[in-house]
Structure formats: C-alpha cells, structure tokens
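Me: I should be grateful for a close look at the pockets of this protein, and at the nonpolar packing that accompanies them. Please set the answer out as one connected account.

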Amino acid sequence: MGDKHVVRFEPVGIEIEVDESQTILRAAAEQGVQLMHGCKEGQCAACKSFVLEGEDIELDRYSTFALPDYEKEEGSTLLCRAHAYEDLVIELLNYDEEIIRSGLPLRKGVVEVVANDAVTHDMRHLVVQLVEPEEIKFFPGQYLDFTVPGSGESRSFSMANTPNRDGRFEFVIKIYPGGVFSEFLSERVHAGDRLEVEGPFGTFTLRESRVSDLIFVGGGAGMAPVLGLLRSMAERGVERKATFYYGARAARDLCFEKELEALAERLPGFRYIPALSEPGPDDVWDGHTGLITDIVRRNESALHGSDAYVCGPPPMVDAAIATLTALGVREENIFYDKFTTTGEPEGEDGQ
C-alpha cells in the first residue's frame, strides 16, 4: 500500500481517501461512492472527468479513443485508470445525484455453477449460486466481475435476474472465439465448478425518482441488464410505459422471446420489438428488418421527456444515442453500457 491522498469531487462536494496503489474509481467504489463508469478498462469514457486542482496523477494503460491526448493535456482524466499522488479536486462531468450516494459495498465471493446452457448459437445462459459470503447486494442492471482461473484476469458480466435472498445470479454471455472468458465458459465450465467474483459494479440502473416513459435499446448480450430491469419493474408493479428494441442478425440470435412477450401482460404499456439486420434464407420472419436504430426511427416520431437505456457494442450504442437525441431524448436522460472489449473480444462492460 502507498500513501493516501484526499480527492474531492465537485460539484457534489464529496471527499474520499485514495491510496496510491488504487485507481480513484476503485477507491470511491470501496467507500460507497457510486461514480459513473462502464468498462473500468479505460475504453468507454463513461468515467471521464476534469482535474480542477492538482497535477500529480498517473494513468494505467487506456485507449486514446476514450481520452485523446489533447483532452488529457487540457486536464481531462479517466477515473478508472487514474492514480492520485497528491490531493486533488475533480469535476465530475458525468454524474447522477440519485446514484452517486447510493453505492453498495463491494464484496468478493465464491459462486458455484448451477447451469451453463446455450440460448443461441453463440450465447450462454450462465446460472450460479453464491457460496460465500452470505449475500452480495446489487441493483438490477449492475454487473459482477469474474476471475478467469489461471489467467489472473477478470471479466465483467451483467446480471439478468433481480436481487434475491437466495444468492442466485443469472447472466447472458456472448461467446467470442479466442476470448479469455468465452473459451473458458464454452469449453471448461460445468455445473458444480466454483468461480471467484466481485461486485456490484455499474450504474445502468433504473432512476426510481422519475416517472417518464422508457425506451430500451439493446443488442447481443445487452439482453442481460435490460431483462434484469424489466423483470424488476414487473415484480414491483412499476407502471411506466416501456418499449424494448432488440437488434439481432438472424432469427437464431434471438432469445428469451416468450418471457419478453409475457411481460406485456404484467407491465402495462410494454412493447417488445425485435428486429433482424441480416435474416437468414431459412428464417420465417414477418417482423422488422434492418438496423435496430433504423427501427427506432421508423417507430418513434417524438421521444421528448422519455428516459432511454442503451446497451450493446460501442458502434450500436453510439448510433442509438445519436438517434435518440435526434428524436428528442435529452442526452442526460440517456443511460448506457458500452460492451467494450479487453484485448480479445469478450462481451460486455469491458468483458
């Protein structure tokens, strides 16, 4: 452990102590301060902030797409990569008053695999049971980090289930050839195996203080956090009008269709709208075809006052944000998870 320094966040006026060996984001999470973040790997820019006071900061490896050199020179930094070597004052550029003080404590634990089933040709439904500790609390839409045995690396995956006292977690994980966790999951993980986890992470959670209509846009393993949010809304009787646009390439890439259609009976005003961008020659499909952002544009004329939640690969997320803002959604009311990759493609949230 190194020396500790005080980091103050403005305009919220929160102070934390940060050890030099920790990133600022990690230190905040351990102290229950829920800063906006996504990949934790310096790739998605969700935690980008501005240094108001102090200069002695070092950054772990990051992508210059997330933090271009000119922005760094002007004072911007990535909290998930930044180490403080003196007291700092940091201006949060992307924050949510409702979320920032609602952080849950990070917990490390061990889970046992209950099931690892294919739900499409390249996605798995992984179900695990918490062995220790007794509980890891989380909000719907958050994610856990999995340690990949023997690699020293971790990968992050969003929960598809709602919080429960049974200690069970569900994930929808895309299999990528060559992916560190993907190959491990597809070839070596069986019921009864035990894995190390840590969490919760992520701010892709429902803003409970709002009553506006909801637009969800997802693709691939972006199914997981949206499914978690929708299941939670149904359990709690949330009556906000909601539409879920889900993009897939072909019919074989669709999953959880029956459950999503059944949610319309439990959620007043809920619509599930899947679309195929490249239907296969054998697909019997009379639904929407095209990119999911085009489908949103065709079906929605004005979304002023709505909240939007977007999750999937960065190109889809960026295109969806542009589409949604053009349709009237305020940028501060668009919440997203960019399912970035770390080294080899892995999946979501820096997986």
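**The largest pocket and its surroundings**

Reply: In this predicted model, the largest pocket is lined by 29 residues, and Gly-220, Gly-247, Ala-248, Arg-249 and Pro-313 are those that lie nearest its centre. The volume of this pocket is about 740 Å³. Two strands and two helices, namely S14 (214–219), S15 (242–248), H7 (292–299) and H8 (314–326), each contribute at least two residues to the lining. By class, the lining of the largest pocket comprises 13 nonpolar, 10 polar and six charged residues.

The second largest pocket encloses about 560 Å³ of space. Its lining consists of 26 residues, with Arg-26, Lys-40, Asp-145, Ser-154 and Glu-198 closest to the centre. At least two lining residues come from each of helix H1 (24–30), strand S8, strand S10 (143–148), strand S11 (153–158) and strand S13 (194–201). The lining of the second largest pocket divides into six nonpolar, nine polar and 11 charged residues.

Strand S8, which spans residues 107–120, also holds Val-111. Val-111 counts as buried because its relative accessible area is 0%, where the limit is under 20%. Beyond its neighbours within four places in sequence, Val-111 is in contact with Val-128, Gln-129, Leu-130, Val-131 and Phe-146, and also with Asp-193, Arg-194, Leu-195 and Val-197. Between Val-111 and Ala-224 there are 19 Å in space, C-alpha to C-alpha, and the two are 113 residues apart in sequence.

The nonpolar packing may be taken next. The largest nonpolar core has 34 residues, of which Phe-216, Leu-230, Met-233, Phe-244 and Leu-260 touch the most other members. Strands S14, S15, S16 (271–276) and S18 (307–312), together with helices H5 (223–236) and H6 (257–266), each supply at least two residues of this core. Helix H5 gives the most, with eight residues. Strands S14 and S15 thus appear in two settings, as they supply residues to the lining of the largest pocket and to the largest nonpolar core.

Phe-244 illustrates the packing. Leaving aside neighbours within four places in sequence, Phe-244 has contacts with Phe-216, Leu-230 and Leu-260, and also with Gly-218, Met-223, Val-226, Phe-270, Arg-271, Tyr-272 and Ile-273. A second, separate core contains 26 residues, among them Ala-27, Leu-35, Ile-57 and Leu-92.

Technical notes: Residues numbered from 1 in each chain as written. Predicted model: local features only at pLDDT ≥ 70, side-chain atom pairs only at ≥ 80, totals over all residues. Heavy atoms only, no water. Helix = DSSP H or I, 4+ residues; strand = E, 2+ residues; numbered from the N terminus. Buried < 20%, exposed > 50% of the residue type's maximum accessible area, 1.4 Å probe, protein only. Contact = heavy atoms within 4.5 Å. 1 Å grid on protein atoms, 1.4 Å probe; cavity = no way out; pocket = protein on both sides within 12 Å on 5 of 7 lines; lining within 4 Å. Points joined across faces, edges and corners; volume = space filled by probe spheres on them. Nonpolar A, V, L, I, M, F, W, Y, C, P; charged D, E, K, R; others polar. Core = buried A, V, L, I, M, F, W, Y, C linked by side-chain atoms within 4.5 Å.
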